[in-house]
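You asked for a quick read of this one before you dig in yourself. Here are my notes, in numbered points, to go through with the structure open.

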Amino acid sequence: MVLPSERRSRTKVADPDAAILYLLDRLRDRSPLQVDRALKIMSAADQQGAKAIDALLGEQIVTSLEIAEATASAWGLSSIDLSHVRIDPAAARLLPLTLSRRHAILVVAATDHTVTVATASPGDVVAIDDVRAATGRDAVLVIAAADDLRKAIDRYSRDTNSLDELGLVEEDLSQLIVSGDSDEPIVRYVTSLLEQAVSSRASDIHVEPTDGDLQIRYRIDGVLHEIETVPQSAMPALISRIKVMASMDIAERRLPQNGRITLPHGARTVDLRVATLPTVWGEKVVLRVLDADRIELDLAKLGFSDRNYIALTESLHRPHGLVLVTGPTGSGKSTTLYAALTAIGRPEVNIITVEDPVEYRLKGANQVQINAKAGLTFASVLPAILRSDPDVVLIGEIRDRDTAQLAIEAALTGHLVLSTLHTNDAPSSVSRLVEMGVEPFLLGSSLDAVMAQRLARRLCDWCKEAYEPTEEELASLAWYDMAIDVPNKLWKPVGCRVCSQTGYRGRFALHEIMPVTHEIERLTVSGASTQALRATAKAEGMLSLREDGLFKAAQGITSPVEVLRVAR
């Protein structure tokens with residue numbers, strides 16, 4: 001790599017205004033209107049005692065790389081784009097990993113007398129003194145984007161914890177795995193694997209055995225990405241280590257198991273739900289990341305259209321009735337229900353939930369964990385819950401006739417009941433419950449609203465590109481047949497360093513809400529078909545999942561291609 005000119009770390013005191021002026025010049029070149037917006041954001045941040053640069057980053061006015069360049073300009077240093085630079089592993093190893101993580105710094109190159117240190121905080125003199133003490137060399141600072149620096153440290157950590165040369169054999173595992181010694185390679189590797197998944201915003205970690213190795217994949221924004229492969233010789237050790245952390249039986253490999261891991265991550269903890277599945281090549285492990293800090297529990301911020309938001313909140317604030325949320329696994333149903341409970345939770349309201357498993361701890365709610373082995377099922381625990389004087393009951397999922405019947409009875413006897421159901425859309429939930437054995441006249445009287453939802457990827461705000469759709473594209477999307485305005489502009493993904501060249505960053509929900517009106521209730525009681533219910537609901541204003549998605553595509557939130565991927 002090309003090294004910057006060697007400057008001592010503290011040859012210049014930063015001008016506190018220089019970084020801001022640099023950023024404003026960049027914005028002025030890009031768009032004069034953005035300068036006015038930036039000044040307003042900075043003024044508001046100043047009044048709240050916040051850092052102006054952090055406020056600009058949070059509002060996506062500037063990128064972290066531009067902040068790095070501005071910081072470098074203010075300090076008279078060079079900046080470095082770590083996403084396009086190969087780090088010298090030998091140089092990185094000069095500084096212990098614990099110090100790299102503690103100070104968020106990384107040695108990227110070295111000479112006999114100096115080390116080049118990437119940092120986002122050049123004023124951290126303690127970090128620089130630690131570098132000098134640990135390496136015995138002078139530190140030359142280069143400024144890197146904070147998020148790039150974190151990712152680079154994670155990559156270095158994973159390289160340091162490589163399992164390629166472990167050569168582990170099964171009979172050597174017992175002492176190595178159970179001890180949990182943080183210095184053991186397998187322990188360090190698994191911890192690094194989990195921490196990187198949380199930092200990468202992964203919702204799931206897949207550890208999959210194949211005929212020749214072990215594949216590690218992360219699900220990020222709903223799409224699986226292959227991270228790396230692990231030698232087959234290390235597979236028993238890696239899987240056993242995960243099972244020990246999740247309090248599973250490491251000797252049992254023929255049956256599926258479930259467990260839970262609480263992982264320290266910075267100043268907080270993250271829960272991971274662990275499930276194993278025996279396959280022909282060995283045990284597959286899937287870890288669901290349950291990061292309470294990442295879920296949004298404000299119902300108004302979940303991306304509802306105005307009509308859908310009003311329809312749902314009206315149902316949630318009624319004293320009794322059944323409200324259902326439907327969709328496949330991983331479509332955000334639990335998040336929506338938790339947000340709904342947060343919206344209606346008050347000291348005078350007694351909320352009891354029964355879930356399998358309890359994914360997030362919700363303040364102000366009494367949460368019951370299903371335990372099938374002990375005989376604690378949905379059907380067995382619901383009568384006890386109803387004797388506990390609840391105002392609101394959340395049932396994790398309606399799976400069978402007994403649970404459905406108890407949910408209906410609870411709704412009819414003065415309780416607000418929230419639950420989930422696996423159906424493709426809102427109208428088909430009625431026929432699904434009838435097929436379970438619920439009497440149509442009871443269902444019509446108790447059901448208050450049904451909402452179907454899917455998760456779609458959100459376009460990256462930094463690189464999305466507007467274009468004018470053609471008549472052929474609009475016709476292929478059946479836009480002219482929908483109850484939404486035809487747009488004159490749509491957006492498409494491009495890809496940049498912020499979104500890892502995918503064109504998307506983050507997810508949001510598409511919704512289809514069917515309030516049970518008098519006409520819907522009459523059709524339900526009469527045993528009408530799903531098609532009849534759908535036609536009536538649409539005549540009364542219901543937008544389908546696809547229509548809601550395309551409506552949001554017209555607002556620049558996502559692309560038509562992404563809508564069709566999740567809501568055909």
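1. Start with the four-stranded sheet. This is a predicted model, and in it 4 strands make an open sheet, ordered E1-E4-E3-E2, with mixed pairing. Strand E1 (78–79) and strand E2 (105–110) are the edge strands; each has a single partner strand, so one side of each has no neighbour in the sheet.

2. Inside that sheet, have a look at strand E3 (residues 114–119) and strand E4 (residues 138–143). The two run parallel and are joined by 6 bridges. If you want one pair to click on, threonine 119 has isoleucine 143 of E4 as its bridge partner.

3. What lies across E2, E3 and E4? That's helix H7 (residues 125–135), whose direction is at about 135° to E4.

4. Next, histidine 103, which belongs to helix H6 (residues 97–103). Is histidine 103 buried or exposed? Its relative accessible area is 13%, and buried means under 20%, so histidine 103 counts as buried. Its side chain makes a polar contact of 2.7 Å with the side chain of aspartate 130. Setting aside residues up to four places away in sequence, histidine 103 touches Asp124, Val126, Ala127 and Asp130. Aspartate 130 falls within the residue range of H7, 125–135, so you can view this spot together with the previous point.

5. Alanine 104 sits in the loop between H6 and E2. Check its backbone: phi is near 55°, a positive value in a residue that isn't glycine. With 38% relative accessibility, alanine 104 is classed as partly exposed.

6. There's another positive phi at serine 247, about 60°, and again the residue is not a glycine. Serine 247 is in the loop that links helix H11 (235–245) and strand E8 (257–265). Its relative accessible area is 67%; the cut-off for exposed is over 50%, so serine 247 counts as exposed.

7. Aspartate 291 deserves a stop too. You'll find aspartate 291 in the loop between strand E10 (282–290) and helix H12 (306–316). With a relative accessible area of 2%, aspartate 291 is buried. Which side chain does the side chain of aspartate 291 make a polar contact with? The partner is arginine 268, at 2.7 Å. Apart from neighbours within four places in sequence, the residues in contact with aspartate 291 are Val198, Arg268, Val270 and Tyr360.

8. Now the seven-stranded sheet. Here 7 strands form an open sheet with mixed pairing, in the order E13-E12-E14-E15-E11-E16-E19. E13 and strand E19 (504–515) are at the edges, each pairing on one side only. From one strand to the next, the twist averages 20°.

9. Within this sheet, strand E14 (residues 392–395) and strand E15 (residues 416–421) run parallel, with 4 bridges between them. One residue to pick out is valine 393, whose bridge partner in E15 is valine 417.

10. Two helices go with these strands. Helix H13 (residues 333–344) lies across strand E11 (321–326), E12, E13, E14, E15 and strand E16 (447–459), and runs at about 170° to E15. Helix H16 (residues 428–436) also packs on the sheet, where it touches E11, E15, E16 and E19. The direction of H16 makes about 95° with that of E15.

11. A backbone detail to check: the peptide bond from aspartate 356 to proline 357 is cis, with omega near -5°. Proline 357 is in the loop between strand E12 (351–355) and strand E13 (365–369).

12. Last, a helix pair. Two packed helices are described by the angle between their axes and the distance between the axes. The axes of helix H19 (residues 518–525) and helix H20 (residues 530–539) come within 10 Å and cross at roughly 175°. Angles over 145 degrees count as roughly antiparallel, and H19 and H20 are therefore roughly antiparallel to each other. On the H19 side the contact is made by Glu519, Ile520, Leu523 and Thr524, and on the H20 side by Ala532, Leu533, Thr536 and Ala537. Sorted by class, this contact has 5 nonpolar, 2 polar and 1 charged residues.

How values were computed:
Residues numbered from 1 in each chain as written. Predicted model: local features only at pLDDT ≥ 70, side-chain atom pairs only at ≥ 80, totals over all residues. Heavy atoms only, no water. Axes fitted to C-alpha atoms, helices over the stretch in contact; angles between N-to-C directions. Parallel < 35°, antiparallel > 145°, perpendicular 65-115°, else oblique. Contact = heavy atoms within 4.5 Å. Nonpolar A, V, L, I, M, F, W, Y, C, P; charged D, E, K, R; others polar. Pairing = 2+ DSSP bridges. Buried < 20%, exposed > 50% of the residue type's maximum accessible area, 1.4 Å probe, protein only. Polar contact = N/O pair within 3.5 Å; in protein donor to acceptor, adjacent residues only side chain to side chain.
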